[in-house]
Amino acid sequence: MMPEYIPNHRPQFGRLFAGILLVLIFSACTSSDNSQSTTGGTTGGTTGGTTGGQVDGPLGPLPNPPLTAAPSQDDEPIAEPASFNTSTDLQLVRNPVPRSEAPATNRYTDADFESGPLPADITIPDDVNPEFNSAPDFENIQNIEAVAGQQLEIVFKPIDADGELPGMFPVALAPGASFDDNFDGSKTYRWQPLQNDIGINAFAVTAVDSQNSLYRNTRTILIRVRLPDDETQIPNVPPTLDPIGPHTARVNDPVVYEFKGIDLNGTVPTLELLSSLPNASFSNHPLYEDIYTLRFIPTSTGEMNVQVLVRDSVDSNLTTTENVTINVLPIQAFERTGQRLRDLAAVRGIQFGYASLQEYYHRPDGGVYADIAADEFDLVTPENAMKMNEINPSAGQYQFADIDNLVAFARLNNMQVHGHPVIWHRQLPEWIETANAAELEGHMREYIHRLMNRYRDDIALWDVVNEPIGDSGGYRDSLWYNALGETYLETAFHQARTTAPNATLLLNDFDIAINGPKATTLFTMLNNLLERGVPIDGVGFQLHVFSDFNQIDEVRANFQKVADLDLDIYITELDVGLRETDDLQAQANVYASLISVCLQQPRCKAIQTWGFTDQYSFRENVHPLMFDTAYQTKPAYQAIQNALGN
Ligand code: XIL
C-alpha cells in the first residue's frame, strides 16, 4: 500500500569506473581485508563495520591498521527481557555492557585552581561601546577551598565602574544549593558540598549591565573540595529519586518507569516499590546499579500513583518516599478523526516522518507513543540515538541497540529510516573532541563507514553532514572544519557514497530556507560540491520556526533554487513554536503553509516533524508540535491533514 522507497541519486559512471579500476589494481597487489559485504547487525546478525584496508571509492583505503577498533561481537546488542520495556510486538535489544565512563567532565585542574580566578567572560552587544559604558563585574572574585560537609556561603556583589548596580543570575546551581537575595544588591550562594563533589567544582554567575541587558559578564569561581580529616563529620543526607514528571498513558498498555536513585554522599541507594500495581515487575537494571525498572499494566482508567521508597545504603533508617503520577485514559481518548498523515502524504507522492524519542519504550507512555507513531508516519529519524556520542562513546566501543530497535520498529510498521546525523559538530564523544587533529580525517572516515555499513540494508537516506554553515554564513567553525578545512565536507560525502552506493545523501542545516547569509553560503557550497563531482543528492531543511513565521515566499524560492541544481529537498526537522500560548491557530497555519510549499515543489520528497508530541520536544517550553503533552491533537494536526488532503 505504501509506495516503495526509491533512493534517488544520479549514478556517476566516471567515478564508478575509476573506483572499479582502483579495486582491481589494489586487489591484485594486496591481501588486506576489503570486505564491503560484512552484514549489518540488525539484518544478518553478524557485526557490521569492516576493519581497515577498504579500497573502493575516490578516497583510497581506510586507515590500515584501523585507528580504533571496529565494532566486534563484544558490541553486539543482546535481547532485553520484555519486563524492561513497553513493547508487546517486538523483541527489543539492549547494549551488552555499560557505557564506559567519559573521562572526567571536571575540566579544571589543581593548576587552574592555583592560578586564581578565571578571566571575565564578557559579551558586548553591537550597540555598546565599552569606552563609554564599562562592563559589569563582581567585587572580590576568588577561588575557594572547602571540605565535604562544610556549609559554604559565598557572597556575590555586582559592581560597575559607571556607578550603576548591575543585575545578576547564576548559570547553574549544584543540587541542593541556593542563590539567595540579601536585599542590599548582593546575593549569597549557599551550598554544602558532599562526597560526590570531591575535586574541583566550577560555579558561574552572570552580571547584567543596568542599561543594556545583553551586555554581560560571566565570572566563574572554582571551589576545591577535599575530604575532611574526620569523615564522620560529613552529614549523611537522605537519598532521592531522579525526578520524573507526570505522564498520560493508555489503558491496557504496559507502563515502564526507570527509577534512578541519587545519593549526594556518593553511595547507591536501594529502591522499594510501595504501591501495589496490576501485573507489576520491579527489577534491577542489568547494567546500572542505581536504576530500577518498574513495569505494570493498568487495567482501569483514572489517575494512578506510584510510590517508591528510596533507602540509604549506609543508614537503612534513612529513607525518602517519592510519588509519581500517571493519568490512564481509555483507548477512545486517543482516536483521531480523518485519515492518517502517512496515508494522506502517500497519495501526494511524499513521505511524512518524525524524529523518534530515544528509548521511548523505556518510558511510561511508550505504548501510546509507538502506536501513534506507527499509525501516522512512514519515515522516522532518530532524534538523538545516532549522535556520535551515543553510537561510539569511547574509542573502539559501539552502542547500536537503540538504532537496532528503531530499525526493527520501522520494519514492523512499514516505515523507512532516515539516518541522522552522520557528521556533526555537536554531541560528540570526548575521545573525538580530544583526538589528535592529524588523525581526525581517518576517524571521520572510519566512523562513517562503520555506521553506514552496519545499516546499509536498512537505511537508504542519510544526513551525511549536519549544520556545516556558520551562523553568519561561511563554513561553521567546527571540530571537523578546524582540523580538515573545507574538504571535510567532500571527504564525508565520498566516504558515504563509497560505503552506501545506493543511499540518498543529504546536507542538512537550519536557517537556509530563508534569505540571509546562511542561504547565500548554501548555494555557494552546493555549486562548489557539484562542480567537483561530490556525491550529494539533496538538501535537508530543518525549519524550527515560530507561529509568526512569514517568510513562506523565501522558502518557496530557495526550494526552487535547490531543485534547479537537480537536487532533492527534504523538510527534515519541522516544528512551530508558539509565541503566545493562544497562538494555536497561527501555529496550525504555519504548518499548513510550509507543507503546501513542499507539495507544490516536485523535488520535495518528504516532510518530517521534530517529534510529534509536546511531551517530548526539545522546544517543550514553546509547545511546537501537533500533539499536546497528553497525546491529544492540536489545531496543527487538522491543518496538516487538510494541507496534505488538498
Ligand atoms: C536536538 C535534540 O532534539 C535534543 O533532544 C538534543 O538535546 C539536542 O539535539 N538540529 C539537529 C538536531 O540537527 O539533531 C537537534 O536535535 C536539533 C537541532
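These notebook entries record what I looked up in one protein structure.

**Entry 1: the model.** I noted at the outset that the structure is a predicted model.

**Entry 2: the disulfide.** I asked how many disulfides the structure holds, and the count came to one. I then recorded which cysteines form the disulfide: they are Cys598 and Cys604, with their sulfur atoms 2.0 Å apart. I reminded myself that a disulfide is a covalent bond between the sulfur atoms of two cysteines. Next I looked up the torsion about the S-S bond of Cys598 and Cys604, which is about -95 degrees, so the disulfide is left-handed.

I also asked whether Cys598 is buried or exposed. Cys598 has a relative accessible area of 1%, and because buried means under 20%, Cys598 is buried. Cys604 counts as buried as well, at 3% relative accessibility.

**Entry 3: strands around S20.** I turned to strand S20, which covers residues 319-329. Strand S14 (residues 247-250) pairs with S20 in the parallel sense, over four bridges. Strand S19 (residues 302-311) runs antiparallel to S20, and 10 bridges join the two. I then followed one residue of S20, Asn327: it is the bridge partner of Thr248, and Glu303 stands opposite Asn327.

**Entry 4: Lys260.** I located Lys260 in strand S15 (residues 255-262). Its relative accessible area is 31%; because partly exposed lies between 20% and 50%, Lys260 is partly exposed.

I asked which residues Lys260 is in contact with, leaving aside its neighbours within four places in sequence. They are Thr240, Leu241, Asp242, Asp290 and Ile291. With Asp290, I found a polar contact between the two side chains, at 3.3 Å. I also looked up Lys260 and Gln615, which are 355 residues apart along the chain; their C-alpha atoms are separated by 20 Å.

**Entry 5: helix H11.** I checked the length of helix H11, which has 13 residues (487-499). At 1.5 Å a residue, H11 should span 18 Å, and its end C-alpha atoms are 18 Å apart, which agrees.

I then asked how many of the 13 residues of H11 are buried. The number is 12, so H11 is largely enclosed by the rest of the structure. The buried residues include Tyr488, Leu489, Phe493 and Ala496, and also Glu490, His494 and Arg497. I added a general note: an α-helix has 3.6 residues a turn, so residues three or four places apart point the same way.

Notes: Residues numbered from 1 in each chain as written. Predicted model: local features only at pLDDT ≥ 70, side-chain atom pairs only at ≥ 80, totals over all residues. Heavy atoms only, no water. Disulfide = S-S within 2.5 Å. Buried < 20%, exposed > 50% of the residue type's maximum accessible area, 1.4 Å probe, protein only. Pairing = 2+ DSSP bridges. Contact = heavy atoms within 4.5 Å. Polar contact = N/O pair within 3.5 Å; in protein donor to acceptor, adjacent residues only side chain to side chain. Expected span 1.5 Å × (residues − 1).
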